[in-house]
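Trainee: I'd like to learn how to read helix packing and cysteines in a model. Can we go through a case together?

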Amino acid sequence: MSLEFDEKLSYLEKPSRADVPDEDMKFYEENVASMEKNWGFINNLFKVLPLNSSQYMGFFRLKESLFTPETCYLSNADKEMMGLVISSTNGCNYCLTTHSDYLRGITKDPMWVDQLTYNYRAAKLTEKQRALCDYAYFVTVHPREITTEQVDKLRAAGFNDHEILEAAYVAGYFNYTNRWVSTIEPLPNPGHYSHNR
């Protein structure tokens, strides 16, 4: 069972199988089986999250709603790019290791992903990519200063309102995850550092 582990994976206690409803556990097991198939290991954060089972399920549904290509407007590559800018700005080590791994897998360009992770301004970006990165950075660092100017800049770069709203959701999502992930400090999987290189 994937909840059975001995190592200390975060600042929190490990989940108890007795506290996870069977329906949630079935979903959890399917999710970790997919990780093992695609990565060869289980993301450590997802071993910890069932500690609060209903919130884990809510988090996963939110994530799914933002990263299912068939129902979204921006590409997953663009959203992961925004996530790296936000995670780098917030200094969220765990999110940087996992999301850079995922973006390397999508783009097949590890050098570009590293440049993006260290400082997005040094990476080669299209006009639309730069607009998304600038937006992601601005709303992370200056939330009190957000005005219609941020929407106007995205429109000027060629984004429609569906895409702009999704960009706003994504920026909010990554800032949300950075805050609580940094609080519980999960241990990054060693595989995330070398995977997709």
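Trainee: Which handedness does the crossing of H4 and H9 have?

Mentor: Keep in mind that this is a predicted model. A crossing is right-handed if the near helix is turned clockwise from the far one by less than a right angle. Here, H4 passes H9 in a right-handed crossing.

Trainee: At what angle do the two helices, H4 and H9, pack?

Mentor: About 40°, with the axes 9 Å apart; H4 covers residues 76–90 and H9 covers residues 161–184. Angles under 35 degrees would count as roughly parallel, so H4 and H9 are oblique to each other.

Trainee: Which residues of H4 and H9 meet?

Mentor: On the H4 side they include Met 82, Gly 83, Ile 86 and Asn 90, and among their H9 counterparts are Val 170, Ala 171, Phe 174 and Arg 179. By type, the residues of this contact of H4 with H9 split into six nonpolar, five polar and four charged.

Trainee: On to cysteines. How many disulfides does the structure hold?

Mentor: Zero. To call a disulfide, you want two cysteine sulfur atoms within 2.5 Å. Cys 72 has no such partner, because the closest cysteine sulfur, in Cys 133, is 18 Å from its own, too far for a bond. Cys 133 is in no disulfide either: its nearest cysteine sulfur belongs to Cys 95, 16 Å away.

Trainee: Is Cys 72 buried or exposed?

Mentor: Buried means under 20% relative accessible area. Cys 72 has 14%, so it is buried. Cys 133 counts as buried too, at 0% relative accessibility.

Methods:
Residues numbered from 1 in each chain as written. Predicted model: local features only at pLDDT ≥ 70, side-chain atom pairs only at ≥ 80, totals over all residues. Heavy atoms only, no water. Buried < 20%, exposed > 50% of the residue type's maximum accessible area, 1.4 Å probe, protein only. Axes fitted to C-alpha atoms, helices over the stretch in contact; angles between N-to-C directions. Helix = DSSP H or I, 4+ residues; strand = E, 2+ residues; numbered from the N terminus. Parallel < 35°, antiparallel > 145°, perpendicular 65-115°, else oblique. Contact = heavy atoms within 4.5 Å. Nonpolar A, V, L, I, M, F, W, Y, C, P; charged D, E, K, R; others polar.
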